[in-house]
Amino acid sequence: MTLDEASPDDGPEGEATLESDTESEGSSDPARDFPIVGIGASAGGLAALEGFFSAMPTDRDPEMAFVVVQHLTPDHESVLPELIGRHTRMKVTHAEHEMPVERNRVYVMPPNRDMSLSDGRLHLTEPHAQRGQRLPIDYFFRSLAQDRQTRAICVVLSGTASDGTLGLRMIKGEGGMAMAQTPDTTKFPGMPQSAIGTGLVDFVLPPEEMPAKLMEYAQNALQGPTRAAPPGTARTETPAGSPDAQETLFALIREQTGHDFSEYKDSTVHRRLKRRMAVQQVDRLEDYARFLKSSPEEVEALFRDLLIGVTRFFRDPEAYEALGEAVSALLAEKSPGSVIRVWVPGCSTGEEAYSLAILLRERMEAMRRSFRVQVFATDIDPRAIGVARTGVYPASIAPDLPHDGLTRYFVPIEAEDAVFRVREDIREMLVFSEQNVLRDPPFSKLDLISCRNLLIYLNQDLQKQLIPLFHYALSPGGLLFLGTSESVGEFSDLFAPLDRRMSLYRREETDRHHPRPAPGPFGRPRKGKTSARHLTGEAPHTGPISHRRLTRTALLEETAPVAALVDEAGTILYLHGRTGLYLEPSPGDGELNVLRMAREGLRRDLSIAFHRATTRRERVSRVGLEVRTNGDSVMVDLVVRPVLARPLAGEGSAEAEGPYLFLVVLKPVPDPAPDGAARSASGQHGDTHPALAARIVELEEELEASEEYLRATQEEMQSTNEELRTSIEELQSTNEELQSTNEELETSQEELQSLNEELATVNAELETKVADLSRTQNDMNNLLAGTGIATIFVDQELRIQRFTPTATRLMNLIKADEGRPVGDLASKLASYDSLAADAHRVLETLEPRELEVQAEDSRWYLLGIRPYRTLENVIEGAVITFTEITELKKAQATIEETEGLRRLAVVVRDSHDPIISLDLQGAIQTWNPAAERVYGWSEKDALQMNYLDLVPESVRAAVESMLEGTREGLDLEPLRTERLTKEGETVTVWLTATELVDESGRPYGISSTERPIQKEASEEG
């Protein structure tokens, strides 16, 4: 029945106050005011992580930090930061020891390390558990809950087993938020299913939808509207809205679950309400109440939040040490073999109850004495009781246990990974049952009650009911063990402190009267049963005071006997009065049956009367029964009468009948008269008094009915026992065979499961690497094919490893040639056969080599041979490339030809003699500077002229004959002739004409060199 674990202090008069409600939510430290999201993943988690971070906003920062914890092979270098970094704008890095956590960053746990969070820094340690039993996600989540409290968020992604579930409980207990991946989107649903099975997960979503919900939650839960607390009181986060809306919420929870939380402290309820409102993005209580009316699922979620059972083994070790000393003293007063009875109300998932059982076992072993221990552990949460009954816990509980406690008191479950079950001899000491400590009858004759961190969540009125109830249930000298923030308050006369700081008390005898409260409506009725209020039509009083009702209620409280309303099976539906004198819970699964709960002296007569009343539908009574209780005895008259359950007023006809119920009435009677008075009365009436005779007949009838009932019961039991005995023998034989087979099949299951999980993680990373390599290879193949460069890869032995399709043009290569020496292949190169020798020389000298080679088809190639180097700078062969340079060779020839022409042009330009070229029709084609100087025409003008324009009329016939002879292929001889200048002057020149021919030898023009003779003569003169 515990809620979340807190760190409270004792308030006035022993009332516990919740200090934690004034701490975590109002932190003003800027270094701790942002949420930290712990992400746990295992097998199949890489794809989920990529989907998660790919969906993060790209236009803004999330203003929170992310810590990724994944199951990794210890000796495998993780590339997870690199893979995640491709999908987020945030910086992703491996976590380092004492690294501060900063917002808008992603931290990845390195392999072979356990990681925790303390004071906003990451701490790395060597794994404390052996391989196969490590639970790094639980380990980190627990530290995250303690360090960040309400700003702690956990996300459970794909993986096997149940790592993360225990840490998730602690995060929820501190007021944090939990997410889990939708199981049908995972490759391995074990971890998400285990988390979802706790009923504490706030959101179950695909990874791609989680970031948006995270941002919404952070905005609403950490910055939502609140109502300030009254002045002078501790600040609590009170949801905005009216008190009436809160009462409506309580009514909705009470209607659906049967539990009334109106008596819990406001600080506890408000914190949970505010968080659930943030999850549903609702600002006001009125709106949330309307939402609850239409959503039974949210009512159940709120109920689960209010009933979070956060506990652990041996919480507060110092307190358990003090309890151990007190238990040793208690056992020393007991005789060997006696029964030690312990009650743990509000046991949650059983850690505290098992801790007490282990403590008692250790103390008995230390004292070398043996006792029969019965630990009754109860809670109102059936789901928590179910977990406690199984006694199965993850390996991460090891740090909370005494030295070697995990191996001494737990056994591994081979079918599951890193999961342990409580040892059978410890489990047999405990009985778990569903019980409401304020409504159901308590256990009695107890030696120890451990009720830790329950009172701090109840108001003072309920606390004042529980402390006297515990005093009633304990035997004289019994121990009461409360939480370190709880005390007995004003009931110091009932309990003497043994260790006030550890809240450890001993029951005291007192003359002061503390009436034990009758069980009330606080809590939930048994599932499927009807309360007495419903049967009688009684409704809660909400109008003006009714004096008639007030008088009737007072008379009932004063004169009405103790009674129990039960059904035909004896299951208790309603209790009235102080039933603890006559009824006590029996060991077992917690079913409240009046026949089983009857105390010694009442059980036999109650069974007979109840059987007769149920079979005959008549009133049955027994008088003068002596009932033993707490070492004393009381006299009581018993009445069992049928009660016809009719519909409530307005629901049907008054004659309509419902099922029969039965009212068991116990009337205390004064002690019987002394023997002398009885004899006197007997003598006055005589032995034959009619009343006495009628009584004798009645007793004989009852005796006959009892014997008949017992005979039938005995025969039925004998028949049932024989059938059970046969079935048990068969089951034992089958069980032995199955157990033997199971041991053979599961010998190495745990290690294989762990190894498989690690391999799955590595495989996911390798798949990503393979995809990257495949993409890179495709890029390289397309690059090589696109460039058209023939490439051959050879190893150190010059064996061909791979080649591009272009290489087949130069070498006679086919796919089957891979692995053959390159020197064995015929090439299509002309005058080059030293390829193998050149490649070998490159491998020896590690110096690249290049040379030009020509193929048989006259194409030219640049042959390059270079060493093949790996990323580690290791030479593993050579790369031979053939780059076609045919066009380059042609360009070089053209350049050379052009260079010759350029040199010739320089000669023509710088010559002192006019040099003129013309075609066969006499059109001038070239005109050098000397011609411009001698004849006066510029080059521009000359190129528009015919050569005959330079020839005087007297020699024109000779020039025309020269042109005609050139066209006919006749040789031209040097001759003396004349030319005209631009001014009309005649210049005598020595003409040397040269025929110009093309590549085929055909003439296409004439080159004329003309040296002025007059100029030479004048220079000589």
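Leaving aside its neighbours within four places in sequence, which residues is D838 in contact with? Keep this question in mind for the view of D838 below; the model you are looking at is predicted.

**View 1. The whole chain, before we zoom in.**
The chain has 1021 residues, and 47% of them count as buried. Its secondary structure comes to 29 helices and 40 strands. Take the contacts with a separation of 6 or more: 66% of them are between residues 24 or more positions apart. About 50,900 Å² of surface is accessible, and carbon and sulfur atoms hold 50% of that area.

**View 2. D838 and its partners.**
Here is the reply to the opening question: D838 is in contact with Y832, R849, L851 and I865, once its neighbours within four places in sequence are set aside. D838 sits in helix α24. Its relative accessibility is 3%, so D838 counts as buried. Two side-chain partners are worth finding in this view. One is Y832, whose side chain is joined to that of D838 by a polar contact of 2.5 Å. The other is R849, whose side chain makes a polar contact of 3.4 Å with the side chain of D838.

**View 3. The open sheet of 6 strands, with helix α24 lying across part of it.**
Follow the strands across the sheet in the order β31-β30-β35-β34-β33-β32; the pairing is antiparallel. At the edges are β31 (800-803) and β32 (829-830), each paired on one side only. Look at the β32 edge: 2 bridges join β32 to β33 (residues 849-855), and these two strands run antiparallel. L829 is found opposite A855 of β33. Helix α24 (residues 835-845) lies across β33, β34 (860-869) and β35 (875-884), and runs at about 35 degrees to β34.

**View 4. The open sheet of 5 strands and helix α20.**
In this sheet the strands come in the order β26-β25-β29-β28-β27, and their pairing is antiparallel. Why do β26 and β27 each have one side without a neighbour in the sheet? Both stand at the edges, β26 at 572-576 and β27 at 620-629, and each has a single partner strand, so one side of each is left free of a neighbour in the sheet. On average, neighbouring strands of the sheet are turned by 25 degrees against each other, direction ignored. Helix α20 (residues 603-616) packs on the sheet and touches β25 (562-566), β27, β28 and β29. The direction of α20 makes about 10 degrees with that of β28.

**View 5. The pair β28 and β29.**
Stay with the same sheet and look at two of its strands. β28 (residues 632-644) and β29 (residues 660-668) run antiparallel, joined by 9 bridges. To find one bridge, start at L644: its partner in β29 is Y660.

**View 6. Strand β36, buried or exposed?**
Count along β36 (residues 915-919): 5 of the 5 residues are buried, so the strand is largely enclosed by the rest of the structure. In a regular strand, side chains alternate between the two faces of the sheet. In β36, I915, S917 and D919 point one way, while I916 and L918 point the other way, and all are buried. The strand has antiparallel links to β40 (residues 1003-1012) through 5 bridges and to β37 (residues 924-927) through 3 bridges. I915 stands opposite T1009 in β40, and S917 stands opposite T926 in β37. The hairpin of β36 and β37 has 4 residues between the strands, and here G922 takes a positive phi near 95 degrees.

**View 7. Helix α16, mostly covered.**
In α16, 10 of the 14 residues are buried. Among them are L462, L466, F470 and Y472. You can also check the length of α16 (residues 460-473): at 1.5 Å a residue it should span 20 Å, and its end C-alpha atoms are 20 Å apart, which agrees.

**View 8. Two loop residues with a positive phi.**
Most residues other than glycine have a negative phi. E98 has a positive phi near 60 degrees, and lies in the loop between β5 (91-94) and β6 (99-100). With 45% relative accessibility, E98 counts as partly exposed. D119 has a positive phi near 55 degrees, and its place is in the loop between β8 (114-118) and β9 (121-125). At 63% relative accessibility, D119 counts as exposed.

Notes: Residues are numbered from 1 along each chain as its sequence is written. This is a predicted model: local features need pLDDT of at least 70, side-chain atom pairs count only at pLDDT 80 or more; totals for chains, interfaces and linings use all residues. Side-chain values use heavy atoms; hydrogens and water are left out. Buried means under 20% relative accessible area, exposed over 50%, partly exposed in between (1.4 Å probe, protein chains only). Contact means heavy atoms within 4.5 Å. Accessible areas come from the Shrake-Rupley method with a 1.4 Å probe; for residues, only the protein chains shown count as cover. Two strands pair if DSSP finds at least two bridges between them. Axes are lines fitted to C-alpha atoms, for helices over the stretch in contact, and angles run from 0 to 180 degrees between N-to-C directions. The expected span of a helix is 1.5 Å times one less than its number of residues. A polar contact is a pair of N or O atoms within 3.5 Å; within protein, one must be able to donate a hydrogen and the other to accept it, and residues adjacent in sequence count only if both atoms are side-chain atoms.
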